[in-house]
Amino acid sequence: MSAERLAKIPGVDLDPNGVFKYVLIRVHSKDDDSYVDIVRGYAWAEYHADIYDRVAGELEKSGGLDCECLGGGRIKHDKDAKKIHVYGYSMGFGKANHSVSTEKIETHYPDYEVTWADDGY
């Protein structure tokens, strides 16, 4: 049951355009050792914690799931050029593993050029 539930959580949810903060979140099942990593990035967030708090709260309220923030950074999403660049870090959560985030984003945006760098804030 838990694997099915985790599989229903979208792996990536990003604002459609712009530069914004993002977090890499590990969603754990409370029933067993299964988990899934998800990427969330939104321009409305002033802080990385704003994204994490909202997403974790929504996922955990139904019970059976527990969330952990693996880090954060920034995303530059140019929908017209079909490019996404992942970079930077979160002051509160530290730097996410951008290679993991990029792999998730590439799966969700197969016709995009997706790059990452450890530079910048």
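**Close-up views of a predicted model**

**View 1. The whole fold holds three helices and six strands.** The model shown is predicted. Read from the N terminus, the elements follow the order α-β-β-β-α-β-β-α-β. The radius of gyration is 14 Å, close to the 14 Å that the globule rule gives for 121 residues, so the protein is as compact as a globular protein of that length. Along its principal axes, the C-alpha trace spans about 40 × 30 × 20 Å.

**View 2. The inside of the protein is seen through its buried residues and its contacts.** How much of the protein is buried? Buried residues account for 41% of the 121 residues. Now look at contacts between residues at least 6 apart in sequence. Of these contacts, 65% link residues at least 24 apart.

**View 3. The surface and the charges come next.** The protein exposes about 6600 Å². Carbon and sulfur atoms supply 47% of that area. The protein has 15 positive and 22 negative charges. What separates their mean positions? The two mean positions lie 4 Å apart.

**View 4. Helix α3 covers residues 98-108.** Find His98, Ser101, Thr102 and Ile105 in this helix; these four residues are buried. They cover an arc of only 100° around the axis, which puts them on the same side of α3. Now find the face turned away from that buried side. Which exposed residues does this face carry? They are Glu103 and Thr107.

**View 5. The buried residues of α3 pack against strands.** Begin with β1 (12-14), β2 (18-29) and β3 (35-42), which are among the strands they pack against. The buried residues of α3 also pack against β4 (65-78), β5 (83-87) and β6 (113-116). Trace each strand in turn and look for its place beside the helix.

**View 6. Leu59 sits in helix α2, residues 48-60.** Is Leu59 buried or exposed? A residue is called buried when its relative accessibility is under 20%. Leu59 has 17% relative accessibility, so Leu59 counts as buried. Which residues does Leu59 touch, once its neighbours within four places in sequence are set aside? Leu59 is in contact with Ile9, Val27, Ile38, Leu65 and Cys67.

**View 7. Leu59 and Val27 are in contact.** The two residues are 32 residues apart along the chain. Their C-alpha atoms are separated by 8.4 Å. Val27 falls within the range of β2 (18-29), while Leu59 belongs to helix α2.

Technical notes. Residues numbered from 1 in each chain as written. Predicted model: local features only at pLDDT ≥ 70, side-chain atom pairs only at ≥ 80, totals over all residues. Heavy atoms only, no water. Helix = DSSP H or I, 4+ residues; strand = E, 2+ residues; numbered from the N terminus. Rg over C-alpha atoms; globule rule 2.2 N^0.38 Å. Buried < 20%, exposed > 50% of the residue type's maximum accessible area, 1.4 Å probe, protein only. Contact = heavy atoms within 4.5 Å. Areas by Shrake-Rupley, 256 points an atom, 1.4 Å probe, with all protein chains shown as cover. Lys, Arg positive; Asp, Glu negative; His and termini not counted. Charge placed at Lys NZ, Arg CZ, Asp CG, Glu CD. Arc of directions from axis to C-beta.
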